[in-house]
Amino acid sequence: MNDLPRWSLDTIYPSVDSPEFSDDLDKVRSLASALAAEPDLALFDELTALMVNLDAYVSALISTDSENEAYLKALSAVEDAEVIYKKAEDRFTRYIGQTEAAEDDPLLIRELRIEAGHLMRESEEALAAELARSGENAWSRLQETLSSSIKDGEKTLTELRSLAFSPDRAVRKDAFEQELSLLDSHRFSFASALSGVKGTAITLERHRGWESPIARSLFSSRITPRTLDALLSAIDVSLPLFREYLSLKARILGVDDDFSFFDLFAPVGSSGSYGFDEARSIVLSSYDAFSHDMSDFARCAFDSSWIDAEPHAGKAGGAYDIYFPLSRESRVFCNFDSSHDSVLTLAHELGHAYHDSVLKDLPPSQATYPMTLAEAASIFGELLVTDSLLSNARGRDEELFITEQFLSSACQTIVDIYSRYLFESRFFDRRREGEVSAAECCDLMTRSQRDAYGDSLKVLHPYMWAVKSHYYDASFSFYNYPYAFGLLLALSLYSMKDETGFDVTYRSLLGRTGSEEVLPLLRSVGIDAEDAGFWMQGVDMIRSFKERMKECV
């Protein structure tokens with residue numbers, strides 16, 4: 001395998017000890033004071049961009065070296081600045097809430113006016129911001145630190161989880177059992193962290209007058225309850241389709257009566273491994289077939305050391321794109337392991353980064369988009385690569401592999417995401433009664449997985465709640481259904497990709513994601529997100545892949 005790149009953050013800040021970093025920390029206080037004296041949207045945008053930049057920088061550093069003391073000290077300083085920012089944001093929101101609405105108010109102002117109706121007293125919001133450092137943020141860091149540093153012998157949790165893609169069932173099973181044992185030995189810490197985060201969310205949402213955490217989530221996602229109901233209805237209808245797919249996969253693997261969680265990512269067919277340079281070439285050519293603008297951007301990301309791909313001890317698992325508004329640059333974080341999935345992950349995260357690049361010349365008030373639309377852009381990038389690989393498949397075995405990999409990913413995005421949605425809903429219900437034990441967490445998780453997967457899996461993953469960092473964010477509950485939203489929306493958009501000029505339409509659509517509500521934005525391209533029939537179009541496209549897989553067997 002080629003040497004894997006690590007990113008450079010030098011264009012963001014030279015280091016956490018640099019005068020530039022310290023000066024920007026100090027600037028948060030001065031801008032907050034100026035905003036208090038003159039509540040102005042342009043000034044609020046400037047302060048927000050600065051705070052996002054600082055927070056993204058330390059987050060990027062810590063995700064690659066979770067125990068670095070200098071980074072942790074810098075995080076503490078950023079959290080101090082964030083308390084100042086939150087107080088300034090609170091005052092600005094209250095100011096907007098007292099102003100008279102105008103027809104030409106931008107979307108952010110309209111949303112802040114709603115937010116103003118859900119604020120506690122100013123002193124209470126200030127206290128909540130200060131307590132977050134030793135409360136929800138500390139619980140979140142605990143989960144991140146544990147998941148990136150705990151080991152079973154020589155292997156970290158991240159390394160064990162990567163073995164789920166091994167073609168050797170004995171290796172997959174052994175890694176899975178080691179993973180469960182490792183998580184079980186730290187179950188009390190994970191459960192305490194989750195109860196702390198979700199308890200904070202429940203308390204704050206109640207005092208802010210939100211009906212429930214899901215109500216707050218829908219507002220943040222810029223979608224209506226009818227939209228979520230339509231999406232969930234389509235997911236429910238799709239479950240038999242995915243169970244048929246899993247049954248077919250079990251038969252191919254020869255484990256009809258023993259298909260288990262550790263078999264979900266087992267490769268079917270053959271494809272071989274990918275060096276990083278090969279992955280780069282695949283992503284660039286796939287993007288270029290649709291849009292030169294997309295491929296030019298991705299090439300810049302590769303050439304400018306914006307990608308951190310090497311797995312190592314102390315590095316968090318997973319993948320993400322993070323944007324730095326002051327330098328107008330993104331960074332892509334991943335753990336490249338030469339698999340087909342690694343190639344798709346690159347395409348996914350660069351899809352996010354391209355989305356940010358389309359909006360880079362806009363202020364935060366016009367460039368901040370909901371997660372529902374974010375995931376559509378990233379999955380669209382994945383689909384470009386999948387389509388390209390299928391078109392160039394060398395023989396039936398490789399076609400089977402690529403087709404099944406798409407279905408495996410879709411199964412995770414629909415079925416597993418549904419199990420996580422059910423778990424989080426049930427966890428919130430149980431958390432309102434008091435602390436939730438690790439055993440109860442495992443029971444809720446396995447029950448939710450059984451409802452989603454049915455009898456497809458003999459062995460479930462009772463500790464999935466411990467390894468998914470998305471659960472440990474009190475500021476954004478239900479960090480799950482937007483993925484299903486994004487997949488089915490991306491499939492719909494992808495069906496239009498060959499229309500003349502759609503690359504321009506697509507860029508225009510992304511460029512309006514920060515300034516328009518989801519329903520009217522999608523209606524501008526003929527999509528009604530409150531119609532369950534629309535979501536079923538995406539399900540039908542997934543069904544076509546299942547039929548193609550059957551033909552390959």
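## Exercises: a pocket, a buried Asp and a small sheet

About 350 Å³ of space lies in the second largest pocket. Keep in mind as you work that this is a predicted model.

**Exercise 1.** Work out which residues and elements line the second largest pocket, and how its lining splits by class.

*Solution.*
- Step 1: Start with the lining, which has 19 residues. Phe-165, Ser-166, Asp-337, Ser-338 and Ser-339 are the ones that lie nearest the centre.
- Step 2: Look for elements that give two or more residues to this lining: they are helix H7 (157–162), helix H14 (340–358) and helix H17 (396–431).
- Step 3: Sort the lining by class, and you get 11 polar, 5 nonpolar and 3 charged residues.

**Exercise 2.** Find Asp-263, decide whether it is buried or exposed, and list what it touches.

*Solution.*
- Step 1: Go to the loop between helix H11 (225–253) and helix H12 (276–290); that's where Asp-263 is found.
- Step 2: Check its relative accessible area, which is 0%. Buried means under 20%, so Asp-263 is buried.
- Step 3: Leave out residues up to four places away in sequence, and Asp-263 touches Arg-169, Arg-172, Lys-249, Leu-253, Val-255 and Asp-258.
- Step 4: Now zoom in on Arg-169: its side chain makes a polar contact with the side chain of Asp-263, at 2.8 Å.

**Exercise 3.** Put strands S3, S4 and S5 in their sheet order and describe how they pair.

*Solution.*
- Step 1: Take S3 (residues 307–308) with S5: they run parallel and are joined by 2 bridges. Here Ile-307 stands opposite Val-332 of S5.
- Step 2: Take S4 (residues 320–324) with S5: these run antiparallel, joined by 5 bridges. Phe-324 has Glu-329 as its bridge partner, and Ile-322 stands opposite Arg-331.
- Step 3: Put the pairs together. The 3 strands form an open sheet in the order S3-S5-S4, with mixed pairing. S3 and S4 stand at the edges with a single partner strand each, so one side of each has no neighbour in the sheet.
- Step 4: Don't skip the turn: the hairpin of S4 and S5 has 4 residues between the strands, and Arg-328 takes a positive phi near 60 degrees there.

**Exercise 4.** Say how enclosed strand S5 is, and which way its residues point.

*Solution.*
- Step 1: Count the buried residues of S5 (residues 329–333): 5 of the 5 are buried, so the strand is largely enclosed by the rest of the structure.
- Step 2: Split them by direction. Glu-329, Arg-331 and Phe-333 point one way, while Ser-330 and Val-332 point the other way.

Methods
Residues are numbered from 1 along each chain as its sequence is written. This is a predicted model: local features need pLDDT of at least 70, side-chain atom pairs count only at pLDDT 80 or more; totals for chains, interfaces and linings use all residues. Side-chain values use heavy atoms; hydrogens and water are left out. On a 1 Å grid over the protein atoms alone, a cavity is a set of points where a 1.4 Å probe fits but cannot get out, and a pocket is an open set with protein on both sides within 12 Å along at least five of seven lines; lining residues have an atom within 4 Å of a point. Grid points are joined across faces, edges and corners, and a volume is the space filled by probe spheres set on the points. Ala, Val, Leu, Ile, Met, Phe, Trp, Tyr, Cys and Pro count as nonpolar, Asp, Glu, Lys and Arg as charged, and the others, Gly among them, as polar. Buried means under 20% relative accessible area, exposed over 50%, partly exposed in between (1.4 Å probe, protein chains only). A polar contact is a pair of N or O atoms within 3.5 Å; within protein, one must be able to donate a hydrogen and the other to accept it, and residues adjacent in sequence count only if both atoms are side-chain atoms. Contact means heavy atoms within 4.5 Å. Two strands pair if DSSP finds at least two bridges between them.
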